[in-house]
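Colleague: Could you take me through one charged pair in this model, and then show me how it fits with what surrounds it? I would like to follow it with the structure open beside me.

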Amino acid sequence: MRSWQDLRDMVGDAYSEFCEKIRYTCPTTDSNRARWPTHDLWRDVTSVIANDLHENCSGVLPSDVIETNRAEHMRMLDRQILGLLVSRAAASEVQPHEFTEFLDGHIEAIRRLSDEHRSGALQV
């Protein structure tokens with residue numbers, strides 16, 4: 001949710017998920033809390049959320065949003081990496097038809113640099 005409109009559109013989803021993950025119970029002598037009965041107040045709360053906030057549900061799960069954001073972030077990083085490699089190739093005066101070969105060689109050089117860094121040989 002990034003705007004007031006998002007809040008209006010998705011608050012029902014957020015509360016519904018909340019009600020699925022949390023439960024208000026009536027403690028008993030049973031040591032297993034999972035068997036404690038759900039409190040009447042909690043049943044009322046979940047009912048109100050299910051009925052009154054139905055129009056404020058988009059059906060989008062938070063996990064879907066997180067995964068979509070992660071995938072978009074990875075695409076953005078890949079475009080940045082490609083842009084940096086294109087700039088590096090231009091700085092090395094690599095011709096367009098040599099770019100694939102440049103990528104292979106430069107990625108190998110970066111791999112070696114990473115290995116040196118991990119072994120402590122690379123001092124900054």
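**A close look at D40 and R43**

Modeller: Happy to! The side chains of D40 and R43 meet in a salt bridge, with a distance of 3.6 Å from N to O. Please keep in mind that this is a predicted model. Salt bridges are counted here when a side-chain nitrogen of Lys or Arg lies within 4 Å of a carboxyl oxygen of Asp or Glu, so the 3.6 Å of D40 and R43 falls within that limit. In general, side chains of opposite charge can pair when their charged atoms come close.

Why can these two side chains reach each other? D40 and R43 are 3 residues apart in helix α2, which covers residues 40–52, so about one helical turn separates them. As for surroundings, R43 is partly exposed, with a relative accessible area of 44%.

It helps to set this pair beside others. In total, the count comes to 8 salt bridges, and two of them make good companions for your pair.

Start with helix α1. The side chains of E17 and K21 form a salt bridge there, at 3.0 Å from N to O. E17 and K21 lie in helix α1, residues 4–21, and are 4 residues apart, about one turn of the helix. How exposed are the two partners? E17 is partly exposed at 23% relative accessible area, whereas K21 is exposed at 64%.

Helix α1 has a nonpolar side to look at as well. Y15, F18 and I22 form a nonpolar patch on the surface, and together they have about 270 Å² of accessible area. F18, one of these three, sits in helix α1 and is partly exposed, with a relative accessible area of 37%.

Now move to helix α4, residues 99–119, where E108 and R112 are 4 residues apart, again separated by about one helical turn. The side chains of E108 and R112 meet in a salt bridge at 4.0 Å from N to O. E108 is partly exposed at 32% relative accessibility, and R112 is partly exposed too, at 45%.

For contrast, stay in helix α4 and find H106. H106 counts as buried because its relative accessibility is 17% and the cut-off for buried is under 20%. Setting aside residues up to four places away in sequence, H106 touches L85 and R88.

Not every charged group stops at a pair: E72, R75 and R79 are linked in a network of salt bridges.

Finally, step back to the whole chain. The protein chain has 4 helices and 0 strands, and along the sequence the pattern reads α-α-α-α. Buried residues make up 13% of its 124 residues. The accessible surface of the chain comes to about 10100 Å², and 57% of that belongs to carbon and sulfur atoms. Among contacts with a separation of 6 or more, 37% join residues 24 or more positions apart.

So, back to your pair: D40 and R43 meet in a salt bridge, about one turn of helix α2 apart, with R43 partly exposed.

Note on methods:
Residues numbered from 1 in each chain as written. Predicted model: local features only at pLDDT ≥ 70, side-chain atom pairs only at ≥ 80, totals over all residues. Heavy atoms only, no water. Helix = DSSP H or I, 4+ residues; strand = E, 2+ residues; numbered from the N terminus. Buried < 20%, exposed > 50% of the residue type's maximum accessible area, 1.4 Å probe, protein only. Contact = heavy atoms within 4.5 Å. Areas by Shrake-Rupley, 256 points an atom, 1.4 Å probe, with all protein chains shown as cover. Patch = residues over 30% accessible without salt bridge, like charges linked within 9 Å, V, L, I, M, F, W, Y side chains within 5 Å.
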